[in-house]
Amino acid sequence: MGNKKWIKPFAAAAIAGALLIGGWSWSAGGTALAQEAAAMQNFISVTGKGEIAVKPDIAYLSIGASSEADTAAAAQKANAAKIQKINTLLKNTWKVDSKDIQTNQFYVQPNYTYSEKDGQKIKGYTAYHTLKVSYRNLEKVGELLDAATNAGANQIDNVVFSIEDTEAFETQVIDKAMANAKLKAGAIANAAQRQLGIVLSVSQGSLDEPITYYRESLELQSTSKAEDSANTAIESGEIKLSTQLTVRYELK
């Protein structure tokens with residue numbers, strides 16, 4: 001009997017304690033949610049864009065040759081002679097370093113003909129070989145392409161102008177993006193009759209570098225068709241480097 005009388009008051013006290021603790025937990029959770037909701041009203045997030053225009057300092061040239069013959073070996077041999085001549089021209093006459101010349105594509109494939117009588121038949125082979133050439137004297141790009149064509153190149157796919165070291169300009173682009181973000185945030189804060197506070201966080205997208213293409217067909221155009229001696233005109237123009245920053249500011 002004595003044990004039962006002791007257990008009942010203890011059980012009642014335990015239940016009361018559990019209710020009290022549960023009530024305290026709910027109150028603390030409600031306070032935390034209220035604080036989070038208040039904090040959400042005290043910041044602003046904007047996207048700032050920065051962009052600068054710079055002159056390219058390197059051109060990537062796609063120079064190649066193709067040859068046709070009755071056999072795969074003959075086509076490859078004829079094309080290898082063309083590429084060797086182009087390679088020698090680039091290195092010896094135009095002083096292009098070996099590290100700036102890289103094979104981009106190489107293949108030998110059959111050519112087919114088709115007729116209802118005979119069906120599909122192989123009619124010779126084509127060998128194809130292109131070089132990716134990095135060249136930094138942009139004023140001479142047109143002349144170099146003309147010289148390569150005269151040496152046997154019959155595949156000039158495109159010229160790509162770019163910036164070799166974009167990191168040299170990254171600080172300028174970021175400064176512009178940050179200024180743009182601050183301008184936007186300040187305008188929004190002013191419209192909301194609030195004051196702009198400190199920067200809470202910043203995240204950056206990738207540095208965007210739109211590259212400038214100059215596309216050309218197998219037969220390069222000259223500056224003046226009336227004069228055979230005229231050089232191919234290649235204009236490098238400008239390249240725009242841009243980036244985006246997502247900036248979160250405190251609102252007061």
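This briefing covers the fold, the confidence and selected elements of one protein chain. The model is predicted. The protein chain has four helices and eight strands. Along the sequence they run α-β-β-α-β-β-α-β-α-β-β-β. Mean pLDDT is 82, and 75% of the residues reach 70 or more.

**Confidence**

- Helix α1, residues 2-40, has the lowest confidence in the protein chain, with a mean of 46. Helix α2, residues 72-93, has the highest, at 97.
- Residues 1-27 have pLDDT below 50. In the model, this stretch makes zero contacts beyond near neighbours in sequence.
- Residues 216-227 also stay under 50. For this stretch, however, the model has 21 contacts beyond four places in sequence.

**Chain-wide figures**

- The protein chain has 252 residues, and 31% of them are buried.
- Among contacts with a separation of 6 or more, 81% join residues 24 or more positions apart.

**Helix α2**

- α2 has 22 residues. From first C-alpha to last it reaches 31 Å, close to the 32 Å expected at 1.5 Å a residue.
- Its buried residues are Ala 75, Asn 79, Ile 83, Ile 86, Asn 87, Leu 89 and Leu 90. They lie on the same side of α2, because they cover an arc of only 155° around the axis.
- An α-helix has 3.6 residues a turn, so residues three or four places apart point the same way.
- Ala 73, Lys 77, Lys 85 and Thr 93 are on the other side of α2 and are exposed.
- The cover over the buried residues of α2 includes β2 (58-69), β3 (101-115), β4 (119-135) and α3 (141-150).
- Lys 95, just after α2, has a positive phi of about 55°.

**Helix α3**

- α3 is mostly covered, with seven of its 10 residues buried.
- The buried residues in α3 are Val 141, Gly 142, Leu 144, Leu 145, Asp 146, Ala 147 and Ala 148.
- β2, α2, β4 and β5 are among the elements that cover them.
- Gly 152 comes just after α3 and takes a positive phi of about 125°.

**Strand β2 and its partners**

- β2 is largely enclosed by the rest of the structure, because 10 of its 12 residues are buried.
- One partner is strand β5, residues 155-162. The two strands pair in the antiparallel sense over six bridges. Ala 59 has Phe 161 in β5 as its bridge partner.
- Another partner is β4, also antiparallel, with 11 bridges. Here Ser 66 stands opposite Tyr 128 in β4.

**Thr 130**

- Thr 130 belongs to strand β4.
- How buried or exposed is Thr 130? Its relative accessible area is 0%, so Thr 130 is buried.
- Which residues does Thr 130 contact, leaving aside neighbours within four places in sequence? They are Ser 62, Ile 63, Gly 64, Gln 102, Thr 103, Asn 104, Gln 105 and Asp 157.

**The three-stranded sheet and helix α4**

- Three strands form an open sheet in the order β1-β8-β6, with antiparallel pairing.
- β1 (43-54) and β6 (196-204) stand at the edges. Each has a single partner strand, so one side of each is left without a neighbour in the sheet.
- From one strand to the next, the twist averages 30°.
- β1 pairs with strand β8, residues 239-251, in the antiparallel sense over 12 bridges. Within this pairing, Ser 45 has Arg 248 in β8 as its bridge partner.
- Helix α4, residues 167-191, packs on the sheet and touches β1, β6 and β8. The direction of α4 makes about 140° with that of β1.

Methods. Residues numbered from 1 in each chain as written. Predicted model: local features only at pLDDT ≥ 70, side-chain atom pairs only at ≥ 80, totals over all residues. Heavy atoms only, no water. pLDDT = per-residue confidence, 0-100. Contact = heavy atoms within 4.5 Å. Expected span 1.5 Å × (residues − 1). Buried < 20%, exposed > 50% of the residue type's maximum accessible area, 1.4 Å probe, protein only. Arc of directions from axis to C-beta. Pairing = 2+ DSSP bridges. Axes fitted to C-alpha atoms, helices over the stretch in contact; angles between N-to-C directions.
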